[in-house]
Amino acid sequence: MAAIVILSGGVAFGQATSAAVPASQPRSPEGRLYLSQPLVTEIYTADPSAHVFDGRIYVYASHDISEGPALADEGPFKGSEGNAFKMRDYRVLSMDRIGGAVTVHPVGLDIKDVPWAARQMWAPDAAFKDGVYFLYFPAKARDGAFRIGVATSRSPGGPFVARPEPIKGSFSIDPAVFTDDDGKSYMYFGGLSGGQLQMNVSGRYDPSAPQSVADTGETAALCPKVARMSDDMLEFAEPPRDAVIVDKEGKALLRSDRDRRFFEASFMHKYKGKYYFSYSTGTTHFIAYGIGDSPYGPFTYQGNILLPVEGWTTHESILEVDGRWWLFYADCQLSNVSWLRNVKVTELFYNADGTIRTIDPFLSDGQH
């Protein structure tokens with residue numbers, strides 16, 4: 001199958017230059033103008049993990065599926081949330097530059113080629129080391145538990161070959177792998193409710209635990225997890241630990257703090273020597289972030305990177321290209337259905353104090 005080349009539907013270069021977006025662009029159901037346009041329109045894509053490999057930008061994306069009903073609520077999967085998100089393969093997008101022609105590569109990895117996986121291949125990430133490209137992905141195993149797998153390729157566009165078993169000690173969803181300046185790599189992961197973090201509080205899957213997380217009470221919120229990767233990038237080098245998010249006073253965020261506490265969509269990047277851990281608040285639909293002095297945290301909450309998009313969920317990655325920073329995210333502009341999404345990109349800006357300027361995914365009619 002040959003790759004398909006599609007011209008990008010348009011990119012907004014941040015709030016400061018939003019005049020480049022014409023007022024004639026499509027509007028949301030509420031009549032709002034979108035800040036950015038989908039990178040591709042022939043397939044539904046979500047959960048973008050953006051990287052520069054060999055001088056080209058690659059975006060590793062979930063592939064939302066429009067045909068057929070939600071997955072059956074039965075057997076070991078009974079009672080689980082998110083059955084409408086039934087993705088079964090991954091697609092890779094690539095481009096020479098932001099705003100340029102986008103290549104849609106053939107399927108990078110299909111669930112039928114993952115021996116241990118039964119259903120729901122959710123948000124992926126990618127990494128590179130010693131001539132090998134790694135694709136990290138969550139999927140539900142046959143016992144109903146989300147685990148995290150890894151597949152490898154000699155090409156950044158795939159196809160990827162999955163290892164026969166998931167990463168030992170892995171659980172939950174949304175892996176994000178960050179490689180520090182010293183060459184050490186770390187995986188961040190976890191997701192509440194449908195992501196099963198609350199079903200793995202001991203590090204082992206408990207099918208009798210609540211399927212949904214309780215967002216009430218003054219106890220500390222469940223934390224995302226972090227583990228250093230082995231030198232071969234195929235396993236954890238240590239047991240996962242909490243990546244704690246704290247307020248400005250150093251106190252852990254509470255379960256009831258839905259505007260700030262972690263829900264899913266971990267991502268890590270580094271800027272001027274500081275570690276920026278970003279994530280989705282899920283039920284309140286923000287992409288938030290904290291800053292720390294170590295890849296392990298703690299991360300002090302700073303605010304929001306992205307305000308709510310159209311649709312229930314989004315998932316971010318942040319990439320530097322030639323000295324400019326970019327936020328990749330997704331909404332449901334093409335479908336107006338939360339589980340049929342499209343990947344977008346817009347420029348990201350830092351303030352003088354190192355905080356990130358909040359991005360609104362919509363424009364007002366007054367912005368020209």
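**Exercise 1. Cavities**

Find how many cavities of 30 Å³ or more the whole of this predicted model holds, and describe the lining of the largest cavity.

Step 1. The search of the whole structure returns three cavities of 30 Å³ or more. The model is a predicted one.

Step 2. The volume of the largest cavity is about 50 Å³.

Step 3. Its lining is made up of Ala-221, Leu-222, Cys-223, Pro-224, Val-244, Ile-245, Ala-252, Leu-253, Arg-261 and Phe-262.

Step 4. Sorted by class, the lining of the largest cavity has nine nonpolar residues, no polar residues and one charged residue. Arg counts as charged, so the charged residue in this lining is Arg-261.

**Exercise 2. The second largest cavity**

State which element gives the most residues to the lining of the second largest cavity, and how that lining divides by class.

Step 1. The second largest cavity encloses about 50 Å³ of space.

Step 2. Its lining residues are Asp-47, Pro-48, Ser-49, Pro-124, Asp-125, Pro-175, Ala-176, Ser-266, Phe-267, His-315, Glu-316 and Ser-317.

Step 3. E3 and E18 are the elements that each give two or more residues to this lining. E3 contributes the most, with three residues.

Step 4. By class, five of the lining residues are nonpolar, four are polar and three are charged. Asp and Glu count as charged, so the charged residues here are Asp-47, Asp-125 and Glu-316.

**Exercise 3. A salt bridge between distant parts of the chain**

Asp-47 lines the second largest cavity. Identify the salt bridge that Asp-47 forms with Arg-341, place both residues in the chain, and decide whether each is buried or exposed.

Step 1. The closest N and O atoms of Asp-47 and Arg-341 are 3.8 Å apart. The cut-off for a salt bridge is 4 Å, so this pair qualifies.

Step 2. Asp-47 lies in strand E3 (residues 44–53). Arg-341 lies in the loop between strand E23 (324–331) and strand E24 (342–348). The two residues are 294 residues apart, and the pair links distant parts of the chain.

Step 3. Asp-47 has a relative accessible area of 7%, and Arg-341 has 4%. Buried means under 20%, so Asp-47 is buried and so is Arg-341.

Step 4. The structure as a whole holds 16 salt bridges.

**Exercise 4. Two further salt bridges**

Give the N to O distance in the salt bridge between Asp-181 and Lys-270 and in the one between Asp-257 and Arg-260, then sort the four residues by accessibility.

Step 1. Asp-181 and Lys-270 come together through their side chains at 3.0 Å, N to O. This pair also links distant parts of the chain: Asp-181 is in the loop between strand E13 (176–179) and strand E14 (185–189), Lys-270 is in strand E18 (residues 264–271), and 89 residues separate them.

Step 2. With a relative accessible area of 69%, Asp-181 is exposed. Lys-270, at 22%, is partly exposed.

Step 3. For Asp-257 and Arg-260 the distance is 2.7 Å, N to O.

Step 4. Asp-257 counts as buried at 18% relative accessibility. Arg-260 counts as partly exposed at 26%.

Step 5. A network formed by salt bridges with shared partners joins Asp-47, Asp-64 and Arg-341.

**Exercise 5. An open sheet**

Work out the strand order of the open sheet that contains E18, and say which strands stand at its edges.

Step 1. Five strands make up the sheet, in the order E17-E21-E20-E19-E18, with mixed pairing.

Step 2. The edge strands are E17 (245–246) and E18. Each has a single partner strand, so one side of each has no neighbour in the sheet.

Step 3. Inside the sheet, strand E20 (residues 287–292) pairs with strand E21 (residues 299–306) in the antiparallel sense, over five bridges. Tyr-289 has Gly-303 in E21 as its bridge partner.

**Exercise 6. Two pockets**

Set out the volume and lining classes of the largest pocket and of the second largest pocket.

Step 1. The largest pocket holds about 540 Å³ of space. It is lined by 20 residues, of which His-51, Val-177, Phe-178, Thr-179 and Leu-319 are the closest to its centre.

Step 2. The elements giving two or more residues to its lining are E3, strand E9 (125–129), E13, E18 and strand E22 (317–321).

Step 3. The lining of the largest pocket comprises 13 nonpolar, three polar and four charged residues.

Step 4. The second largest pocket has a volume of about 370 Å³. Of its 24 lining residues, Phe-85, Trp-122, Phe-263, Glu-264 and Trp-312 are the closest to its centre.

Step 5. Its lining has nine nonpolar, nine polar and six charged residues.

Definitions and conventions: Residues numbered from 1 in each chain as written. Predicted model: local features only at pLDDT ≥ 70, side-chain atom pairs only at ≥ 80, totals over all residues. Heavy atoms only, no water. Helix = DSSP H or I, 4+ residues; strand = E, 2+ residues; numbered from the N terminus. Buried < 20%, exposed > 50% of the residue type's maximum accessible area, 1.4 Å probe, protein only. Pairing = 2+ DSSP bridges. 1 Å grid on protein atoms, 1.4 Å probe; cavity = no way out; pocket = protein on both sides within 12 Å on 5 of 7 lines; lining within 4 Å. Points joined across faces, edges and corners; volume = space filled by probe spheres on them.
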